[in-house]
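Q: Please take a close look at the pockets of this model. I would like to know what lines them and which parts of the chain meet there. Add the aromatic contacts as well.

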Amino acid sequence: MARIGILTGGGDCPGLNPVIRAAVKKGSLEGYEFTGIKNGWKGLIENDTMPLGLGAISGILPKGGTILGTSRTNPYKKEGDLQKVKDNFKKMALDALIAVGGEDTLGVAAKLIKDGITNIVGVPKTIDNDLSCTDYTFGFDTAINTAMECLDRLHTTAESHHRIIVAELMGRHAGWIAVEAGIAGGADVILIPEVAIDMDEVCNTIKKRHARGKTFSIVVVAEGAQFKDKSLVTQEEKLDSFGHVRLGGIGEILGQEIEKRTGFETRVSVLGHIQRGGSPTAFDRVLGTRFGVKAVELIKNKKFGQMVALSGNKIIDVSLQEAVKSLKTVDSDLYDIAKVFFG
Ligand code: F6P
């Protein structure tokens with residue numbers, strides 16, 4: 001009987017468990033057995049696995065996070081780890097691997113295919129929604145609904161106190177969360193990594209809004225947004241094994257500057273990992289389920305080196321190499337719609 005390994009790597013997000021459940025359920029019907037690889041690529045380096053039968057997936061559909069655990073481990077970082085991955089792939093007697101992850105995890109999958117572990121299919125996940133070749137990644141819908149609810153809450157307190165509240169949302173390279181949660185949550189200014197922050201423009205927009213009688217404003221900023229001619233605002237200089245800095249702190253700097261320039265009392269709220277937690281929305285449960293089933297179909301049809309993807313409302317498969325070539329940033333059309341409501 002053929003054996004499929006599944007791993008989840010990178011930042012967790014709601015919808016990972018529905019993918020695992022769907023793949024195992026569909027695979028069992030097709031006669032496959034499964035090995036759960038723990039903590040992303042780390043589990044393949046360390047031969048750390050768990051049994052993944054129908055019992056293990058019972059009741060996991062509404063659970064956030066991932067029952068397999070995750071990590072930001074890069075097997076291309078440390079000498080010897082790649083060989084361990086290759087050896088353990090054999091030891092685990094895997095015929096195929098489903099790698100569920102974002103740009104980093106799937107980037108490793110694409111490299112492994114070139115390095116001889118060819119029987120891999122990818123499933124795109126990230127709350128940031130910045131993976132190419134798919135209209136949506138799962139996790140994003142839950143994150144924007146969580147962020148929207150937080151913006152609703154921030155509205156009532158901002159309005160009562162006649163304050164400006166800056167809400168810092170996640171979004172490392174792309175502002176999808178900021179734009180979509182911002183539109184849904186009625187933000188008065190939305191700042192994203194794709195467009196450099198112009199402080200004069202931000203403050204004039206707020207001043208104009210207050211001049212027409214409004215006594216509060218909600219400013220949404222993505223953690224990866226940058227001021228003109230300045231570098232990213234980071235929490236620490238250390239890089240992770242994929243070369244990423246830990247972002248965070250732009251909201252505070254922005255808030256101080258807004259208060260100084262406008263004279264309006266300002267507070268800052270950083271949503272952070274709240275956006276990654278919790279039970280997946282119906283959309284993410286359905287998308288994760290469709291992705292999981294499709295991943296097994298790809299394996300059954302020996303369509304390796306592909307990533308499942310959403311195109312319109314169809315589940316398709318695309319080349320993994322293509323998908324990890326570049327990131328999907330916010331459409332200017334969508335940002336233009338958001339801008340209609342600025343001020
Ligand atoms: O995976 C996406 C993401 O949530 C980014 O939006 C954020 O910058 C990063 O992960 C945070 O990573 P960590 O949980 O490792 O601090």
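A: What follows goes through the two pockets in turn and then the ring contacts.

The model is predicted. Start with the largest pocket. About 720 Å³ of space lies in it. Its lining counts 39 residues. Closest to the centre of this pocket are Arg72, Met170, Arg172, Glu223 and Arg276.

What is the make-up of the lining by class? Charged residues number 15, polar residues also 15, and nonpolar residues nine.

Next, the elements. Those that give two or more residues to the lining of the largest pocket are helix H4 (103–114), strand E6 (164–169), strand E9 (234–236) and strand E10 (246–247). H4 provides the largest share, with three residues.

Why does the largest pocket lie between two domains? Domain 1 (3–139 + 280–323) gives residues to its lining, and domain 2 (140–277) does too, so the pocket lies between them.

Now the second largest pocket. Its volume is about 220 Å³. The lining can be read along the chain. Val189, Ile190, Leu191, Val195, Ala196 and Asp198 belong to it. So do Glu201, Val202 and Thr205. Tyr335, Lys339 and Phe342 complete the list. Three elements give two or more residues each: strand E7 (189–191), helix H7 (199–211) and helix H11 (332–339).

By class, this second lining has eight nonpolar residues, one polar residue and three charged residues.

One of the lining residues, Lys339, deserves a further word. Lys339 lies in helix H11. Its relative accessible area is 39%, so Lys339 is partly exposed. Leu327 is 12 residues away from Lys339 along the chain, and the C-alpha atoms of the two are separated by 23 Å.

Turn to the aromatic rings. A search of the whole structure finds four aromatic pairs. One of them joins Tyr136 and Phe140. This pair is stacked, with 5.8 Å from centre to centre and 25 degrees between the planes. Are these two residues buried or exposed? Phe140 has 1% relative accessibility, so it counts as buried. Tyr136 is partly exposed, at a relative accessible area of 28%.

Tyr136 also pairs with Phe283. Here the ring centres are 5.9 Å apart and the planes stand at 75 degrees, so the pair is edge-to-face. Where do the two partners sit? Tyr136 is in the loop between strand E5 (120–124) and helix H5 (140–161), while Phe283 is in helix H9 (residues 282–300). The pair therefore ties together parts that are 147 residues apart in sequence. Phe283 is partly exposed, with 37% relative accessibility. Taken together, ring pairs link Tyr136, Phe140 and Phe283 into a cluster.

Finally, charges over rings. Lys111 has its charged end over the ring of Tyr76, 4.7 Å from the ring centre. Arg209 places its charged end over the ring of Phe216, 5.0 Å from the centre of that ring.

Methods. Residues are numbered from 1 along each chain as its sequence is written. This is a predicted model: local features need pLDDT of at least 70, side-chain atom pairs count only at pLDDT 80 or more; totals for chains, interfaces and linings use all residues. Side-chain values use heavy atoms; hydrogens and water are left out. Rings of Phe, Tyr and Trp (its six-membered ring) pair if their centres lie within 6.5 Å; planes under 30 degrees apart count as stacked, over 60 as edge-to-face and the rest as tilted. Buried means under 20% relative accessible area, exposed over 50%, partly exposed in between (1.4 Å probe, protein chains only). Helices (H or I, at least four residues) and strands (E, at least two) are DSSP runs, numbered from the N terminus. A charge sits over a ring if NZ of Lys or CZ of Arg is within 6 Å of the ring centre and within 35 degrees of the ring normal. On a 1 Å grid over the protein atoms alone, a cavity is a set of points where a 1.4 Å probe fits but cannot get out, and a pocket is an open set with protein on both sides within 12 Å along at least five of seven lines; lining residues have an atom within 4 Å of a point. Grid points are joined across faces, edges and corners, and a volume is the space filled by probe spheres set on the points. Ala, Val, Leu, Ile, Met, Phe, Trp, Tyr, Cys and Pro count as nonpolar, Asp, Glu, Lys and Arg as charged, and the others, Gly among them, as polar. Domain bounds come from an automatic or database domain assignment.
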